[in-house]
Amino acid sequence: MIHPTAIVEKGAKIGQETKIWPFSYIMKGAKIGKNCNLGQNVFVEKGAKIGNYVRVHNNVSIYDGVVLDDYVFCGPGMIFTNELNPRAKKESEHIKTVVKEGASIGAGAVILCGKKLGKYCFVGAGAVVAEDVPDYAVVVGVPAKIVGWMCECGKGLQFEGGRAICRECSKKYSKKEKAVRLKK
Amino acid sequence: MIHPTAIVEKGAKIGQETKIWPFSYIMKGAKIGKNCNLGQNVFVEKGAKIGNYVRVHNNVSIYDGVVLDDYVFCGPGMIFTNELNPRAKKESEHIKTVVKEGASIGAGAVILCGKKLGKYCFVGAGAVVAEDVPDYAVVVGVPAKIVGWMCECGKGLQFEGGRAICRECSKKYSKKEKAVRLKK
Amino acid sequence: MIHPTAIVEKGAKIGQETKIWPFSYIMKGAKIGKNCNLGQNVFVEKGAKIGNYVRVHNNVSIYDGVVLDDYVFCGPGMIFTNELNPRAKKESEHIKTVVKEGASIGAGAVILCGKKLGKYCFVGAGAVVAEDVPDYAVVVGVPAKIVGWMCECGKGLQFEGGRAICRECSKKYSKKEKAVRLKK
């Protein structure tokens, strides 16, 4: 299911059932898991690592140093960066950026390089992320600030006394300051 | 006037004199009117509907569920979304988004799905639209807020006592709260 | 070093050692200097002028009327616009936008047309630039505001009594109000 206009260099590793849309370019040295969906005009650089069941929308570039765990969602036109204080004269440094399992990044959001996005966090559309995002946190704005918390299923969570039950799927969570955990 | 690198699937409907630039992809089931101009790396999904005389700049994706009426302007890199609270595990829902006649959407703006953009409204560059936009309203910011009103010709309108005359083209408007109408 | 999927029209001028990545489109009448690097899905319109040693990241469109001097850095997905108050019915005007030597424009930033970005200024990721930016200024936010000053090397500058010495490269600067100069 790789579109004939997509370019996949020899030496790129792509898992089974992964779909790649038109005009995308996967460099050798890129690693992509199984059952992923990469949209139109996606770029995956050598050194980038993408897990399984990851959905990457149109016009997203995954640079060297970016690691996307399983079930990550990258909205259309969201942007990873790969340099801090870039100048044309400087070499790019490929600082590591990690996005943990199940995190969702909204359309047009920008993630400054070197940040860690926690498990199942949710970055709102158009947000500019300049700090690490805790697990399950919802962040919005420029620069992005925490405005709430979200269940793995996508429903907002209301904490009372450090506890929350999802009204959609009944998963239970505990919270101490900015540390939220799923109770098993 | 369809560039040879653009992909137009059989079953896509495209009106006369519509121009499509390089590396764009039009799926079968998409409907595009006449005299439109679709820039480089545009994507039009099955189920999307585009009217006549619509201008879509580079790097814009029109998803299933998006309806653009006649004379709509989509600035470069503006983004429609097609999911609320997206998670990689969920299916996308293709909620309907409607953009009425003559509306202009600025560069890099993000329109959350399910919203209605009124006639000849104007969304500023980089705005994130999370609420419906009234006819002729100008909205800017993250999230987008109403900051003024604009004539069909592109000139700002100054209301006094519920009335305004465009200083550029002399069109007359009336306004009650957020409801603006062109007087004929 | 022009990728075979990139389109370079006859009559486009491209300097030595300039690299162009996949799915980019350079129109005739465009002028690009030497030792530049233009990423994936870049567009350079007729009438656009790009100096030497310029780095243009993925998904950037350089329209007619845009002038980029030497050593300019355009981050991924940053957007130039080419119309003020655009309406689908109006013709685009191609107002001139000038980016001076060594300026850096962050990922996803939007530059409204007609603005001048000064030498070695720094536009933060996601900023929307609606005013001219002075030499060496750092601007962030929507709309973009000055929040500091930056050395040619990319290090932040701290002024005391109108003077600053870069702690990274020892370059010296003087400042009167918003006018910063490199001392030679």
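**Exercise 1. Determine which strand β14(A) is joined to by 2 bridges, and in which sense the two run.**

*Solution.* Strand β14 of chain A, residues 97-99, is joined by 2 bridges to β17(A), and the two run parallel. The model is a predicted one. At the level of single residues, V99(A) stands opposite L117(A), which belongs to β17(A). The next step is to place this pair in its sheet: an open sheet of 6 strands in chain A follows the order β2-β5-β8-β11-β14-β17, with parallel pairing. Its edge strands are β2 (13-14) and β17 (116-117) of chain A, each of which pairs on one side only. The pair examined here therefore includes an edge strand, β17(A), since that strand pairs on one side only.

**Exercise 2. Establish how many helices and strands chain A has, and decide why its radius of gyration does or does not agree with that of a compact globule.**

*Solution.* The secondary structure of chain A consists of 25 strands and 0 helices. For the second part, begin with the chain length of 184 residues, for which a compact globule would have a radius of gyration near 16 Å. The value for chain A is 17 Å, so the two agree. Along the principal axes, the C-alpha atoms occupy a box of roughly 55 × 40 × 20 Å. Buried residues make up 55% of the 184 in chain A. Among contacts with a separation of 6 or more, 15% are between residues 24 or more positions apart.

**Exercise 3. Describe the exposed surface and the charged side chains of chain A.**

*Solution.* Chain A exposes about 8000 Å², of which carbon and sulfur atoms supply 47%. As to charge, the chain carries 29 positive and 17 negative side chains. The centres of these two sets lie 3 Å apart.

**Exercise 4. Is Q40(A) buried or exposed, and which residues is it in contact with?**

*Solution.* First locate the residue: Q40(A) is in the loop between β6 (37-38) and β7 (43-44) of chain A. Its relative accessibility is 1%; as buried means under 20%, Q40(A) counts as buried. Next, consider its contacts, leaving aside neighbours within four places in sequence. Within chain A, the contacts of Q40(A) include W21(A), P22(A), F23(A), S24(A), N58(A) and N59(A). From chain B, they include F23(B), S24(B), Y25(B), N41(B), V42(B) and F43(B).

**Exercise 5. Analyse the pairing of β24(A) with β25(A), and relate G162(A) to Y173(A).**

*Solution.* Strands β24 (residues 172-176) and β25 (residues 179-183) of chain A pair in the antiparallel sense over 5 bridges. Within this pairing, Y173(A) has L182(A) of β25(A) as its bridge partner. The hairpin has 2 residues between the strands, and E177(A) takes a positive phi near 50 degrees.

G162(A) is in the loop between β22 (156-157) and β23 (163-165) of chain A. With 24% relative accessibility, G162(A) counts as partly exposed. G162(A) and Y173(A) are 11 residues apart in sequence, with a C-alpha to C-alpha distance of 8.3 Å. Beyond its neighbours within four places in sequence, G162(A) is in contact with Y173(A), S174(A) and K175(A).

**Exercise 6. Characterise the hairpin of β24(C) and β25(C).**

*Solution.* In chain C, 5 bridges join β24 (residues 172-176) to β25 (residues 179-183), and these strands run antiparallel. K175(C) has V180(C) in β25(C) as its bridge partner. There are 2 residues between the two strands of the hairpin, and in the turn E177(C) has a positive phi of about 50 degrees.

Conventions: Residues numbered from 1 in each chain as written. Chains lettered and ligands numbered in written order. Predicted model: local features only at pLDDT ≥ 70, side-chain atom pairs only at ≥ 80, totals over all residues. Heavy atoms only, no water. Helix = DSSP H or I, 4+ residues; strand = E, 2+ residues; numbered from the N terminus. Rg over C-alpha atoms; globule rule 2.2 N^0.38 Å. Buried < 20%, exposed > 50% of the residue type's maximum accessible area, 1.4 Å probe, protein only. Contact = heavy atoms within 4.5 Å. Areas by Shrake-Rupley, 256 points an atom, 1.4 Å probe, with all protein chains shown as cover. Lys, Arg positive; Asp, Glu negative; His and termini not counted. Charge placed at Lys NZ, Arg CZ, Asp CG, Glu CD.
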